[in-house]
Amino acid sequence: AMRVRASLGESVQFSVAALDAVPGAVDDPGGTHVRWTREEGLLITGEFAFYTTPDGEEGGEKIALGGYFYTSKTDHLQAAPAAGATPTSRNHGMYVLGERPLYRTREGGGLSGFFRAGVADTDLNQIGTYLGAGLVYTGPFRSGEPDQLGLAVGHARNGSVFIDSESSQGRSNDKAETAIELAYSAPLTDWLTVQPDVQ
């Protein structure tokens, strides 16, 4: 992959990345291959991020808008493939995310929240929409070496074309899935952090 990031003033950053769209090789699954060819294409991503602290320093608010697309075309998902070639299109999607401190303690800890939302072309992708949000409390039990306690919820929905395609082949799928995650991170030494996680 290759990534470029530029600051557009103290509170705005723009980043763009180009990644190998098809990592690895089917004929050599144990190897590492980077082939930037016209057939395999590239995954191009871009993001505008807005910060309330200079140069994106920690402790401030962040709102970002991003998107992606593939330079090569992707086969359409089809419930009943018609005779002839499968239609193809450029695959793309968009997302928005935000982070904000909600409460601060004198010791530098406190509560912060975040959210994520994304959409993708349901003619080409299984997942059509995603929504996620969470809370993280820094320093709930330890103030010297701040620990963190976090709770998050993620909700992903299958696209209607994917569900119809699976149904036509005799397979049933849930329309959506929701994941709930509780995690605790505690730095025990300057080189060891323990993080139990329940999902």
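# A guided tour of the predicted chain

Begin with the charged side chains selected: the protein chain carries 15 positive and 25 negative charges, and the mean positions of these two sets lie 4 Å apart. Keep in mind throughout that this is a predicted model, with a mean pLDDT of 88 for the protein chain and 92% of its residues at 70 or more.

**The whole chain**

Next, select the entire chain and show it as a cartoon, where the secondary structure comes to one helix and eleven strands. Following the chain from the N terminus, you pass through the elements in the order β-β-β-β-β-β-β-β-α-β-β-β.

With the C-alpha atoms alone displayed, the principal axes give a box of roughly 70 × 40 × 35 Å. The radius of gyration of the protein chain is 21 Å, whereas a compact globule of 199 residues would have one near 16 Å.

Switch now to a surface representation, for which the accessible area of the protein chain comes to about 13200 Å², with 56% of it belonging to carbon and sulfur atoms. Of the 199 residues in the protein chain, 29% are buried. If you draw the contacts between residues at least 6 apart in sequence, 47% of them join residues that are at least 24 apart.

Colouring by confidence brings out two elements: helix α1, residues 160–168, where the mean is lowest at 87, and strand β11, residues 197–198, where it is highest at 98.

**Stop one: Pro 23**

Select Pro 23, which sits in the loop that runs between β2 (12–20) and β3 (42–51). Pro 23 counts as exposed because its relative accessibility is 65%, the cut-off for that class being over 50%. Add Arg 35 to the selection, and you have a residue twelve places from Pro 23 along the chain, with 8.0 Å between the two C-alpha atoms.

**Stop two: Leu 97**

Move on to strand β5, residues 88–104, and pick out Leu 97 within it. Is Leu 97 buried or exposed? Leu 97 has a relative accessibility of 10% and therefore counts as buried, since buried means under 20%.

To see what surrounds this side chain, leave out residues up to four places away in sequence and display the residues that Leu 97 touches, namely Glu 47, Lys 62, Ile 63, Ala 64, Phe 115 and Arg 116. A distance drawn from Leu 97 to Val 136, which is 39 residues away along the chain, reads 15 Å between C-alpha atoms.

**Stop three: helix α1 and the loop after it**

Select α1 and colour its buried residues, which are Val 161, Phe 162, Ile 163, Ser 165 and Glu 166. Then show β8 (148–158), which is included in what covers the buried residues of α1. Following α1 you come to Gly 170, whose phi is positive, near 80°.

Continue to Lys 175, in the loop between α1 and β9 (176–187). Lys 175 is exposed, because its relative accessible area is 57%. Which residues is Lys 175 in contact with, leaving aside its neighbours within four places in sequence? They are Ala 156, Arg 157, Asn 158 and Ile 163, and Ile 163 is one of the buried residues of α1 that you have just coloured.

As a last selection, take Lys 175 together with Gly 159: these two are 16 residues apart in sequence, and their C-alpha atoms are 7.8 Å apart in space.

Terms used: Residues numbered from 1 in each chain as written. Heavy atoms only, no water. Helix = DSSP H or I, 4+ residues; strand = E, 2+ residues; numbered from the N terminus. Rg over C-alpha atoms; globule rule 2.2 N^0.38 Å. Buried < 20%, exposed > 50% of the residue type's maximum accessible area, 1.4 Å probe, protein only. Contact = heavy atoms within 4.5 Å. Areas by Shrake-Rupley, 256 points an atom, 1.4 Å probe, with all protein chains shown as cover. Lys, Arg positive; Asp, Glu negative; His and termini not counted. Charge placed at Lys NZ, Arg CZ, Asp CG, Glu CD. pLDDT = per-residue confidence, 0-100.
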